[in-house]
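Student: Before we go through this structure, could you explain on what grounds each term is applied?
Tutor: Let us look at the structure first and then take the terms in turn.

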Amino acid sequence: MGATFEDILQRSDLKKEDIKVLLSAAGLEMEHLLRRGLEVKLAHLDNYVHLRGLIEYGNTCEKNCLYCGLRSGNGKVERYGLTDEEVLSCARLAHELGYGSVALQSGERSDPEFIDRITFLVREIKKIDGGSLGITLSLGEQSEDTYRRWFDAGAHRYLLRIESSNEELYYKIHPRNDRHSFRKRLECLGILKRTGWQTGTGVMVGLPFQTLDHLADDLLFFKRMDVAMVGLGPYIPHPDTPLYRLKDQIPSTKDRMDLTLKMIAILRMMMPEINMVAATANQTIDPQGREKAIAAGANVIMPNLTPGEYRESYFIYPDKACVQDQPDQCQTCLDIRLAAIGHRILYNAWGDSVAFTKNKK
Ligand code: SAM
Ligand code: SF4
């Protein structure tokens, strides 16, 4: 007799066929899967949640990804860039609120002015209270030299989602040209790892043309790459992007949410000690989405610290959660929401990936 669903739930070395069985779970089976994700996380990482104060540095982008509102081809976006002082005051606020880490994210730019300013800002953030803030960057594909410069300046975690680990699907959601090369994205992940970054990647869930086979392969890709962090979130169609015309060919909002939660729980079973982000996109399509992601195995939240007047211009996808929130409200709201599901925030700590730290030793 073949393995039952409950047998598969006890495995950590999951094969593609096991993963597909788990991704198909519904009803009670899905509940058991999500509970297993939580159980594995609690056993390895306790009930702590780490915070990264998110600073959306700018929305100018050289790329033209077919799904993202910040794409260079979207003429409706009012482009902005934070000043150095605005970035540093966000970082100081993160420190005052006890977040322990900040994450600097933006559209992709590779001009020397951008590279120099990020180097400067990383150094300045590191000066706050003698280097007490950890720094994550999510600034897209860069040269080896740039990645090294930013690492040497003091940042130590980098998030670069592969978006889909299947090359064919990758080119269905990106233009097929040198600026959007799948190979280059893979190479960048390799360079980041080699340079010593705690490297994170991830995919969007519920994309047009995406199948359970693709998603199972994505999970196996994360494992094979032995990444330290993963950020998974539902795809949300943006009206001013080319992919929007396929919005009726994707799973329903609920199904995209459920699939994301199942991906999180399965990945937690496969990689018990990595850091996993409960993406804002989860909360955007479900008011309880972030908490549900934490309860399925995620352990990182990125509260938005971008100054209010810029938030609506960082319009990756519609109805982004917390666009109106103020950081102090966010704080109380998060503490309460997380306590309600038996979790607590670990304040004043970098919250590095346990998987990465152990590997280094
Ligand atoms: N430019 C950098 C990059 O692409 O790596 C970082 C910023 S980009 C806005 C951050 C992430 O937003 C992307 O990796 C992508 O997965 C996500 N994203 C973009 N458009 C999205 C959409 N329509 N729905 C869900 N997530 C989206
Ligand atoms: Fe630019 Fe990143 Fe959006 Fe692609 S996903 S268009 S690189 S901001």
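Student: How do you know which class each residue of the shell around ligand 1 belongs to?
Tutor: Ala, Val, Leu, Ile, Met, Phe, Trp, Tyr, Cys and Pro count as nonpolar, Asp, Glu, Lys and Arg as charged, and the others, Gly among them, as polar; by this scheme the shell has 9 nonpolar, 5 polar and 4 charged residues. This is a predicted model, in which local features need pLDDT of at least 70 and side-chain atom pairs pLDDT 80 or more, while totals for chains, interfaces and linings use all residues. Residues are numbered from 1 along each chain as written, ligands are numbered from 1 in the order in which they are written, and side-chain values use heavy atoms, without hydrogens and water.

Student: What makes a residue part of the surroundings of ligand 1?
Tutor: One of its heavy atoms must lie within 4 Å of the ligand, and 18 residues surround ligand 1, the closest being Ser106, Arg161, Glu163, Ile236 and Ile316.

Student: Why is the approach of Ile236 to ligand 1 called a polar contact?
Tutor: A polar contact is a pair of N or O atoms within 3.5 Å, and a backbone N or O atom of Ile236 lies 2.7 Å from a nitrogen atom of ligand 1, so the pair qualifies. A polar side-chain atom of Arg185 likewise lies 3.2 Å from an oxygen atom of the ligand.

Student: Which residues surround ligand 2, and how do they divide by class?
Tutor: Ligand 2 is surrounded by Cys61, Lys63, Cys65, Tyr67, Cys68, Leu70, Arg71 and Gly107, and this shell divides into 5 nonpolar, 1 polar and 2 charged residues.

Student: How many helices and strands does the protein have, and why is it called as compact as a globular protein of its length?
Tutor: Counting DSSP runs (helices H or I, at least four residues; strands E, at least two), the protein has 15 helices and 11 strands. Its radius of gyration, taken over C-alpha atoms, is 19 Å, close to the 21 Å that the globule rule (2.2 Å times the number of residues to the power 0.38) gives for 361 residues, so the description holds.

Note on methods: Polar contact = N/O pair within 3.5 Å; in protein donor to acceptor, adjacent residues only side chain to side chain.
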